[in-house]
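Please show the structure, and then let us discuss how its pockets may be read.

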Amino acid sequence: MSEIDVPESHPRYQSLLTRHRIEAGVEKGITSKQGLIAEGRGEAFDYLLGERTTPSADRAERAAAALLVLADHPVLSVNGNVAALVPGEMIELAAAVGADVEVNLFNRTEERMRAIADHLREHGAAAAGVEIKGLTADARIPGLDHERAKVDADGIGAADVVLVPLEDGDRAEALAEMGKREIVIDLNPLSRSAQAAAVPIVDNILRAVPNVTEHARELQDASDDELETIVREFDPDRALDAAEDAIRSGQLE
Ligand code: PTJ
């Protein structure tokens, strides 16, 4: 049995686990109520994808790992859904690629910011040597008039590569305009964030983050040339088309 009293062999295991974590996140004050709706939307796409990492998503996850390993200053952005679903996994990825983790919220309150930072620390941030940023908020992303514009100057403000999971909106476009290279995790290939990304990953974050970490560990000793080739050979438009085709054809395995 696992944290949800359902055996892992249950056909709806992952979906039940995801719902449980989001519900617990709302109860703990880290996930917004809108996060429940966002989860429902993601789940519908995941169902149509067959709740699996497609070969195309796996290629995107490898390209994302190469980009993170190559980066001088990678930052992983965390919102209320990400904190509820994969807190320990985000810390592990950050540790594997030497990234900072920055809390960035659409429905930003000081209380939620602190609760999420504490939650990430409870999941081993300090022991893994990972810094949690976002509370200073001493810089702004130009062109955004909502709370997601608030970033740390020495975090997302100074990053060259940013991982942006589970947010559909204009921040990804604004970050790209600042010259940052973006990796987006979003089950909706038509979301604005996915469309703006250098590397869009159309996969459930529950599967995507551990897989990016695994690829990053494998690529740790690769040369910059090899890493750059992996990134260059990755085609974001093809990845988005492949995901949309899989969803529209609905051919479940
Ligand atoms: O914590 P906050 O205040 O920053 O708010 C976070 C939410 C998620 C509520 C906010 O960013 C939001 O409303 O997001 P959207 O516009 O609903 O976009 C979320 C995107 O993530 C949608 O395209 C979903 O399909 C996708 N998504 C949801 N769950 C998952 C997912 N993608 C991958 N894995 C998931 N588990």
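Q: Which helix gives the most to the lining of the second largest pocket?
A: On a 1 Å grid over the protein atoms alone, a pocket is an open set of points where a 1.4 Å probe fits, with protein on both sides within 12 Å along at least five of seven lines; lining residues have an atom within 4 Å of a point. Helices are DSSP runs (H or I, at least four residues), numbered from the N terminus. Here helix 3 gives the most, with four residues. Helix 3 (55-70), helix 10 (224-233) and helix 11 (236-249) are the elements that give two or more residues to this lining.

Q: On what basis should these statements be read?
A: This is a predicted model, in which local features need pLDDT of at least 70 and side-chain atom pairs count only at pLDDT 80 or more, while totals for chains, interfaces and linings use all residues. Residues are numbered from 1 along each chain as its sequence is written, and side-chain values use heavy atoms, with hydrogens and water left out.

Q: Where is the ligand, and which side chains make polar contacts with it?
A: A polar contact is a pair of N or O atoms within 3.5 Å. The ligand takes up the space of the largest pocket. An oxygen atom of the ligand is 2.7 Å from an N or O atom in the side chain of Arg112, and the corresponding distance for Asp186 is 2.8 Å, again from a ligand oxygen atom. A polar side-chain atom of Asn204 lies 3.0 Å from a nitrogen atom of the ligand.

Conventions:
A polar contact is a pair of N or O atoms within 3.5 Å; within protein, one must be able to donate a hydrogen and the other to accept it, and residues adjacent in sequence count only if both atoms are side-chain atoms. A molecule sits in a cavity or pocket if more than half of its atoms lie within 2 Å of its grid points.
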